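Visitor: Hey, I've got this one open on my screen. Can you walk me through how its parts pack together?

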Amino acid sequence: MHKDSYGLAITAASAEAVTAYNHVIDGYLGYRADMARRMGALMAIDPECPMAHCLKGYFTLLGFNQAGLPTARQAAADTWRLVAAATPREHSHAAALDAWVNGAADRAVEIWNQILHDWPHDILAFRLAHFVNFWLGRPEAMLASVRAVERHWSHAEPAYNAILGCRAFAHEECGYYTEAEAAGREAIRRDPTDVWSAHAVAHVMEMQGRRGEGIAWIEGLQSNWSGANNLKHHLWWHQAMCHLERGDFAKVLDLYDTGYRNHQSELTQAMPDLYIDAQNAASMLFRLGRHGVDPGDRWAELADRAEARIGDCLSAFTLPHWMMALAATGREEAANRMLDAMRDNADQTGGLNATLVRTVALPVTEAVLRNSQGRHADAVRLMRPVIGEMYRLGGSHAQQDVLEQLFLDSALKAGLDADVRLLIERVSGRHPVPPHRRIGYAMASAHG
Ligand SMILES: [Fe+2]
């Protein structure tokens with residue numbers, strides 16, 4: 001029996017296949033852009049490797065794109081077929097993939113947690129649980145996972161950076177900024193190419209209002225990101241958030257064109273509608289719109305992507321972002337078609353995501369449209385019952401902020417003072433920086 005880099009038994013045809021498998025896992029942990037090449041090499045060397053097919057399914061689902069579902073389903077079927085003679089751990093991965101591809105992401109997390117209980121060095125299960133918990137709005141589960149696993153790891157192990165990066169981000173999202181920054185900085189000292197750890201520290205600076213440090217942090221590290229995937233776009237979005245807070249809108253737009261929505265980038269060209277890129281772009285243009293900044297023709301390209309994705313509800317948090325693009329470009333027919341498709345999705349599919357789309361994403365996404373139509377009281381009415389549930393759509397505090405700004409904008413324009421006060425009280429209690437020091441809230445902070 002072969003063993004992978006972490007000492008775990010793996011069913012593979014040869015030592016060469018295990019080396020290729022390790023190379024794939026290293027690429028996943030490092031947010032590398034060349035994952036297709038790494039996966040292709042593994043499949044070519046060992047087309048019957050169960051975990052290769054499982055990884056194919058996992059990586060397809062990580063894109064939150066409905067067009068990938070047939071590929072993921074086939075990968076799950078192939079994995080089931082191949083794990084018949086494999087190890088119990090590989091069996092569990094097949095079960096987790098099966099649950100995830102069938103809409104039960106929460107069940108997949110349970111299986112990954114069970115794998116980690118038995119094999120705490122299964123860095124794949126750890127990182128997938130971290131990711132899916134994040135997109136289910138469960139930072140406390142991210143932190144519990146880190147705490148359960150990290151005591152089994154030593155600093156000397158090659159993938160320890162992945163533990164540190166997740167330690168940093170889980171603590172940040174739970175509000176433990178000192179622990180988060182220490183872990184993130186340690187990770188960067190060990191490996192300056194570690195984009196997930198760089199990202200965690202950027203979040204700490206965002207939440208503490210350290211805009212100058214945030215800009216310097218990202219500018220100082222970006223020379224290490226040449227081989228990184230779309231997460232580097234998101235890091236430039238974080239940098240732009242710092243410039244936005246300083247009122248430097250020209251720099252925010254410059255980074256839009258050269259960084260987080262860079263059309264010259266091979267990554268953006270290859271995946272123009274990747275969920276994180278769509279979120280970065282739409283949420284920033286929406287914020288800029290609140291300050292009267294002319295977006296030029298930037299919305300139109302995003303709206304084209306949004307129209308092409310109508311009916312795809314796999315990423316619940318991305319849905320209001322897609323709607324921002326349709327609403328900003330006045331594409332009412334497409335906007336209504338998108339809302340109908342979301343209702344149909346909620347009716348026709350089961351599982352946790354369908355529930356979240358129906359109960360939370362749908363009213364928030366409709367509120368985006370009503371806000372743009374000038375029906376501000378309707379937007380507030382739609383969002384008020386779910387304002388405390390929006391975290392379940394996933395995303396960080398920094399990302400959820402745009403939905404809070406949507407509510408605030410609607411309440412201000414509708415003259416609903418009690419709702420303005422409600423929102424200011426919520427953000428005052430949840431964000432360490434007081435509203436009067438945040439550009440999206442300063443105009444309303446007197447209501448608090
Ligand atoms: Fe982020």
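Guide: Sure. One term to start: two residues are in contact if their C-beta atoms, placed from the backbone, lie within 7 Å. Also, this is a predicted model.

Visitor: OK, so which residues in α18 meet α20?

Guide: On the α18 side they are L319, P320, M323, M324, A327 and A328. In α20, they meet A361, V364, T365, V368, L369 and S372.

Visitor: And by class, what does that contact have?

Guide: The contact of α18 with α20 has 10 nonpolar residues, 2 polar ones and no charged ones.

Visitor: At what angle do the two helices pack?

Guide: About 20°, with the axes 9 Å apart; α18 covers residues 318-328 and α20 covers residues 351-372. Angles under 35 degrees count as roughly parallel, so α18 is roughly parallel to α20.

Visitor: Is the crossing left-handed or right-handed?

Guide: Right-handed, as α18 passes α20.

Visitor: Switching topic: how is the chain divided into domains?

Guide: There's domain 1 at 1-139, domain 2 at 153-265 and domain 3 at 272-448.

Visitor: What separates the centres of domain 1 and domain 3?

Guide: 33 Å, with the centres taken over C-alpha atoms. The two domains do touch: 12 residues of domain 1 are in contact with 16 residues of domain 3.

Visitor: Which elements give two or more residues to the domain 1 side?

Guide: α6 (105-118) and α7 (123-135).

Visitor: And the classes on that side of domain 1?

Guide: Where domain 1 touches domain 3, its side has 6 nonpolar, 5 polar and 1 charged residues.

Terms used:
Residues are numbered from 1 along each chain as its sequence is written. This is a predicted model: local features need pLDDT of at least 70, side-chain atom pairs count only at pLDDT 80 or more; totals for chains, interfaces and linings use all residues. Axes are lines fitted to C-alpha atoms, for helices over the stretch in contact, and angles run from 0 to 180 degrees between N-to-C directions. Helices (H or I, at least four residues) and strands (E, at least two) are DSSP runs, numbered from the N terminus. Angles under 35 degrees count as roughly parallel, over 145 as roughly antiparallel, 65 to 115 as roughly perpendicular and the rest as oblique. A crossing is left-handed if the near helix is turned anticlockwise from the far one by less than a right angle, and right-handed if clockwise. Ala, Val, Leu, Ile, Met, Phe, Trp, Tyr, Cys and Pro count as nonpolar, Asp, Glu, Lys and Arg as charged, and the others, Gly among them, as polar. Domain bounds come from an automatic or database domain assignment.
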